[in-house]
Amino acid sequence: MKNSNVIIYRNRKIHLLFSVFLWLSFSSCAQQRTFKLDASYNQRIIESLMHATSHTINAMLSENGEAKGNYRWLKGEWEAYETAWHTGQAIFGLLEAYKITGEQRALDASLKAGNWWVGLQFPKGHQLEGFLNAVHGDKMGELINTTTITDGTPGLFLLSKVTGDNTYANVATNAGAWILDNLYILDQRLSYNIVDGKTGEIWKTRSPHKQHEGLPFDIKHVARPNAEGYLWLDMYHHTGQERYKKAFLEICDKLVADQSPSGFWMDYEPNDPAKGRVHGRFNTWNAEALVEAYKLTDNKDYLESALKCADALAGVQDRTGVIWYASYLDGNHDKRSPCGSCTSFAGILWLELWHLGYDRFEQSIREALEFTLTNQFSENHPDKNLAGAYYGIRQRSKKNGEMQLYYRDINTAFGMRFLSEIHKSAFKE
């Protein structure tokens, strides 16, 4: 019996050592290459993330946990805007910063925000059961925009992974399933954008966007691929259900087919083909989803499409490193609105492609990094609503002559994501 136990012990030990060997081998193969930064950036990025974390907790999130949206600088007031996706991105940014800084308050704030987010779910028995009452705000008022939901979901899936509590991922999955079952147009590989949360009406023949007024009806006025946040891919990983993977790849195929020669997706709002206006983030969302599709399938069509967009984004990046809220196909920019979130998000995309071996994005990454770090509002800024935030402004003028100057809270959410990703790449152990 004693010899038998010894043999069993030795076999277990051999099995464990073999398992560890395999794990080390696979980990070594999976390791990304290191983005080279001077050692001084280590502490510089950590301190920046600490200040951004403080801003997010003290200024960006309300006592209930939801993101406040737009800060109206001239009035010193916050204004709700696409709250669900802003909150989801705040969770995403906080959790990525938490991985770098170890700040427990970042995790605590993420949980509070996550609990607010799941509270948006329509209850059982409601005509929109499982969907989210994620109102858009601003000019669209109480209408629900599909992308307001999909844009925010990555933070909820990550929160479930970090905490081990599947509540957050389950609610996001329920919302995504409702979208697939009720809004997805299979033959078009698009999802309707607008739902009236009070009546349950799905807007199938009319658009709320002024740029579509007076134009012949086009399905692309009321529906989009809605690949932002790659919701159905996260649902596939969470549940293992093949239908979610299938739907995700269908909309990515649609993105490849519909990409404009410029590298952007000009047929879809908020791009405006009539004016040649390119939205600073929308295209990056699509390219990010395509990179995920490539990693899932090894299909080079997805990668090539993402690279076209990444090259186009590098082409509109300013010498200061910034990407403007709006650029134009003729080479001009709306220089009233330097956009920190556009810059950081492009930086995330470029870094991901750099890890895949595309060195041509290195300079763009470095310029985006310098812009983000250099233009962070001081932690001692006299306006506490801005202290520690990452820079970005949006300027508008109304017909009555009123000037509106906004700080949008997602500048900091995306900034935390970008700096955390580049820190992991440069200074991973």
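Helices H9 and H10 make a good starting point in this predicted model. H9 covers residues 242-258 and H10 covers residues 282-297; the two pack at an angle of about 125 degrees, with their axes 10 Å apart. Angles over 145 degrees would count as roughly antiparallel and 65 to 115 as roughly perpendicular, with the rest called oblique apart from those under 35. H9 and H10 are therefore oblique to each other. If you look at how they pass, H9 crosses H10 in a left-handed way.

So who touches whom here? On the H9 side you'll find Lys245, Phe248, Leu249, Cys252, Leu255 and Val256, and they meet Asn286, Ala289, Leu290, Glu292, Ala293, Leu296 and Thr297 of H10. Sorted by class, that contact has nine nonpolar, two polar and two charged residues.

Now hop over to another pair of helices, H4 (residues 104-118) and H6 (residues 153-163). Their axes come within 10 Å and cross at roughly 125 degrees. H4 and H6 are therefore oblique to each other, and H4 passes H6 in a left-handed crossing. From H4, the residues Leu107, Ser110, Leu111, Gly114, Trp117 and Val118 make contact with Thr153, Leu156, Leu159, Val162 and Thr163 of H6. Which classes turn up in this contact of H4 with H6? There are seven nonpolar and four polar residues, and no charged ones.

Let's turn to the strands. Strands of a sheet pair through backbone hydrogen bonds, and they can do so in a parallel or an antiparallel way. One open sheet here has four strands in the order S2-S1-S13-S12, and the pairing is antiparallel. Strands S2 (77-79) and S12 (394-397) sit at the edges with a single partner strand each, so one side of each has no neighbour in the sheet. On average, neighbouring strands of this sheet are turned by 35 degrees against each other, if you ignore direction.

Walk across this sheet strand by strand. S1, residues 70-72, pairs with S2 over three bridges in the antiparallel sense, and Asn70 stands opposite Glu79 in S2. S1 is also joined to S13 (residues 403-408) by three bridges, and these two run antiparallel. Here Tyr71 stands opposite Tyr407 of S13.

The next step takes you from S13 to S12, which run antiparallel and are joined by four bridges. Ser397 has Met403 in S13 as its bridge partner. S12 and S13 form a hairpin with five residues between the strands, and in this hairpin Gly401 takes a positive phi near 90 degrees.

There's another open sheet to look for, this one with three strands in the order S4-S5-S7, paired antiparallel. Which strands are at its edges? They are S4 (184-185) and S7 (223-224), each of which pairs on one side only. S5, residues 190-192, pairs with S7 in the antiparallel sense over two bridges. One residue to find there is Ser191, whose bridge partner in S7 is Arg224.

Finally, zoom out to the whole chain. Its secondary structure comes to 14 helices and 13 strands. The radius of gyration is 22 Å, close to the 22 Å that the globule rule gives for 429 residues, so the chain is as compact as a globular protein of that length. Along its principal axes, the C-alpha trace spans about 90 × 50 × 45 Å.

How values were computed. Residues are numbered from 1 along each chain as its sequence is written. This is a predicted model: local features need pLDDT of at least 70, side-chain atom pairs count only at pLDDT 80 or more; totals for chains, interfaces and linings use all residues. Side-chain values use heavy atoms; hydrogens and water are left out. Two strands pair if DSSP finds at least two bridges between them. Axes are lines fitted to C-alpha atoms, for helices over the stretch in contact, and angles run from 0 to 180 degrees between N-to-C directions. A crossing is left-handed if the near helix is turned anticlockwise from the far one by less than a right angle, and right-handed if clockwise. Contact means heavy atoms within 4.5 Å. Ala, Val, Leu, Ile, Met, Phe, Trp, Tyr, Cys and Pro count as nonpolar, Asp, Glu, Lys and Arg as charged, and the others, Gly among them, as polar. The radius of gyration is taken over C-alpha atoms; the globule rule is 2.2 Å times the number of residues to the power 0.38.
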